[in-house]
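This report describes the fold, the nonpolar core and two backbone details of a single chain. The sequence and the model are shown first.

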Amino acid sequence: MLKRRDFLLTGGTLLTGATFGLLALRGSAAAHEYDVGHLKVEHPWLRAPVDGDNKAQFYAMLHNKGATPDKLIAVKSEKFGKAEIHGDSKKLDLITPIVIPPKSLLTLAPGGAYVALLDIKKHLEVGWGLEMTLVFEKAGEVEIDAAIDAPDAAHAHDAEAMERWQKAHGQDTAGPKEGGAQPEHHHHMDK
Ligand SMILES: [Cu+2]
């Protein structure tokens with residue numbers, strides 16, 4: 001199920017009075033993070049395909065609170081045909097798991113290790129979310145909702161890239177249009 005992302009929350013200058021009103025009504029905020037075993041997946045996101053393309057790149061912050069390493073070994077979603085994990089930031093052409101060392105926070109970001117989402121079957125709308133399953137060797141599987149960011153986003157919830165994309169695609173940036181059903185997206189601007 002796709003959900004409208006509250007990406008506007010990340011761009012302070014874009015906040016409108018109406019948005020603030022919604023926020024006040026919605027009450028408690030859920031952070032954009034998922035726990036599985038000793039791992040925490042924070043701000044999973046992807047760079048949407050450029051127009052006409054059918055592949056995307058997935059990134060996240062992977063926090064291993066445990067005393068042993070773990071590995072991201074597979075990524076699944078009904079919306080794309082397959083995923084290839086390019087886990088070695090020095091040899092990005094290789095397909096190899098992403099290793100998360102113990103007691104560490106691994107930030108996947110453009111230019112480094114990533115997951116290639118290939119053969120996308122349905123249009124991925126920038127500003128919405130994509131439900132996916134991450135499979136870790138030890139911690140097991142976890143369902144996540146990845147933010148679909150602009151194709152040139154530099155980091156999760158890149159509001160400037162989102163605004164450029166919207167202008168280029170004739171969408172306004174005035175605020176939520178789909179009513180009050182958006183998931184709360186409490187974002188601390190960690191890059
Ligand atoms: Cu997030």
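Where in the chain does H157 lie? The model under discussion is predicted, and in it H157 lies in the loop between strand 10 (140–149) and helix 2 (159–168).

That loop belongs to a chain with 2 helices and 10 strands. Read along the sequence, the elements follow the pattern α-β-β-β-β-β-β-β-β-β-β-α. Of the contacts with a separation of 6 or more, 69% join residues 24 or more positions apart. The chain has 191 residues, and 34% of them are buried.

The largest nonpolar core holds 41 residues, among which L46, F58, A146 and I148 touch the most other members. Strand 3 (residues 56–64) gives the most to this core, namely 5 residues. Beyond its neighbours within four places in sequence, L46 is in contact with A56, Q57, F58 and Y59, with L117 and L130, and with A146, I148 and D149. Two of the residues contacted by L46, Q57 and D149, are not of the nonpolar types that define such a core.

Two histidines have a positive phi: H43 and H157. H43 lies in strand 2 (residues 39–47), whereas H157 is in a loop. The values are set out below.

| Residue | Phi | Other C-beta atoms within 10 Å |
|---|---|---|
| H43 | near 45° | 22 |
| H157 | about 55° | 24 |

Why does H43 count as buried? The threshold is 20 or more other C-beta atoms within 10 Å, and H43 is buried because 22 lie within that distance. H157 is likewise buried, with 24.

Key: Residues are numbered from 1 along each chain as its sequence is written. This is a predicted model: local features need pLDDT of at least 70, side-chain atom pairs count only at pLDDT 80 or more; totals for chains, interfaces and linings use all residues. Helices (H or I, at least four residues) and strands (E, at least two) are DSSP runs, numbered from the N terminus. A residue is buried if 20 or more other C-beta atoms lie within 10 Å of its own, exposed if 12 or fewer, and partly exposed in between; C-beta atoms are placed from the backbone. Two residues are in contact if their C-beta atoms, placed from the backbone, lie within 7 Å. A nonpolar core is a set of buried Ala, Val, Leu, Ile, Met, Phe, Trp, Tyr and Cys residues joined through C-beta atoms within 7 Å.
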